[in-house]
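Biologist: Could you take a close look at the sheet in this model, and at the charged side-chain pairs that go with it? I would like one connected account rather than a list.

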Amino acid sequence: MSLPGPVTKFWSARDDAFIASIEGDYADDFQLTFVGPHTPPFLQAPFAMTKEMVPKAMGNLMASFPDLAFTPVGDGIKEISPGVYQSLTEVTGKHTGEPFSPMPWLEKIPATNKDVKIGPETFTLTMVDGKVKSVTIEALHAGAPVGPPGFYTEIGGVMKPPPAA
C-alpha cells in the first residue's frame, strides 16, 4: 500500500523540512489531541494543538532532542478506514540540545544526555481533502509519560500548573 505524502512525512524524520510541510499539508482547522483513559489531566480536553501550535511545539522538542523520531512499531502504519491511518508509535530522542520546557512557566532543564522513549502509543491520523485534519494520540498504560510533558518529566522536570492570573 502506498501512503499519501503527508502520512509518510508524519512518521518520518523530524527536521526543518517536516516543519515547513505543515503549512501546506495540514488543514487550517487541524487539531492534535490526546485521548483515552490514560491521558494525564493536563493533556485532556479541552487541550488541543492547532496548526499554528504544532510547528512551535515540534521546533521546541527538536531543539532539545535533535534526533527526535516518531517510529511506527508492530504492524506499521495501516489505513483502518478510508483516509484514517493508524500505528503504534514510539517517540524517542536524546536530550543533547537546548534546555527544555514544554510550557513557558516551567523551569528549563539543561541537556541531560538522557535517552527518552515514549510509548508505544496509538497514533491516528485523519486525512480530509488531501490534508491532515487531525491526529489523536492514545497512551496505552496508566502513568506512562505522554507528549512533550512526558519528555519533560523523563529528563527530571516536574509538571506544575500555570501560575494564577
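Modeller: At 46% relative accessibility, Lys-117 counts as partly exposed, and this residue makes a convenient entry point into what is, I should say at once, a predicted model. The side chain of Lys-117 meets that of Glu-90 in a salt bridge, with 3.5 Å from N to O. Since Glu-90 belongs to strand β4 and Lys-117 to strand β5, the pair ties together parts that are 27 residues apart in sequence. Glu-90 itself is buried, its relative accessible area being 19%, which falls under the 20% limit for that class.

The two strands that carry this pair, β4 (residues 84-94) and β5 (residues 115-128), run antiparallel to each other and are joined over 10 bridges; within this pairing, Leu-88 stands opposite Thr-122 of β5. Helix α4 (residues 147-154) packs on the sheet, where it touches β1, β2, β4 and β5, and its direction makes about 175° with that of β5.

Taken as a whole, the sheet is open and has 6 strands in the order β2-β1-β6-β5-β4-β3, with mixed pairing. Strands β2 (49-50) and β3 (69-81) stand at the edges with a single partner strand each, so one side of each is left without a neighbour in the sheet.

Elsewhere in the sheet, Lys-133 forms a salt bridge with Asp-29, the closest N and O atoms lying 2.3 Å apart. This pair links distant parts of the chain, because Lys-133 sits in strand β6 and Asp-29 in strand β1, 104 residues apart. Both partners are partly exposed, Lys-133 with a relative accessible area of 30% and Asp-29 with 46%.

Helix α2 (residues 16-25) lies across those two strands, β1 (26-35) and β6 (131-139), and runs at about 115° to β1. From this helix, Glu-23 forms a salt bridge with Lys-51, with 3.9 Å between the closest N and O atoms, a value that is within the 4 Å cut-off. Lys-51 lies in the loop between β2 and α3 (53-64), so the pair ties together parts that are 28 residues apart in sequence. The two ends of this contact contrast in their surroundings: Glu-23 is exposed, with a relative accessible area of 59%, whereas Lys-51 is buried, at 6%. Glu-23 and Lys-51 also belong, together with Asp-28, to a network of salt bridges. For the model, the count of salt bridges comes to 5, among them the pairs Glu-90 with Lys-117, Lys-133 with Asp-29 and Glu-23 with Lys-51.

How values were computed: Residues numbered from 1 in each chain as written. Predicted model: local features only at pLDDT ≥ 70, side-chain atom pairs only at ≥ 80, totals over all residues. Heavy atoms only, no water. Pairing = 2+ DSSP bridges. Helix = DSSP H or I, 4+ residues; strand = E, 2+ residues; numbered from the N terminus. Contact = heavy atoms within 4.5 Å. Axes fitted to C-alpha atoms, helices over the stretch in contact; angles between N-to-C directions. Buried < 20%, exposed > 50% of the residue type's maximum accessible area, 1.4 Å probe, protein only.
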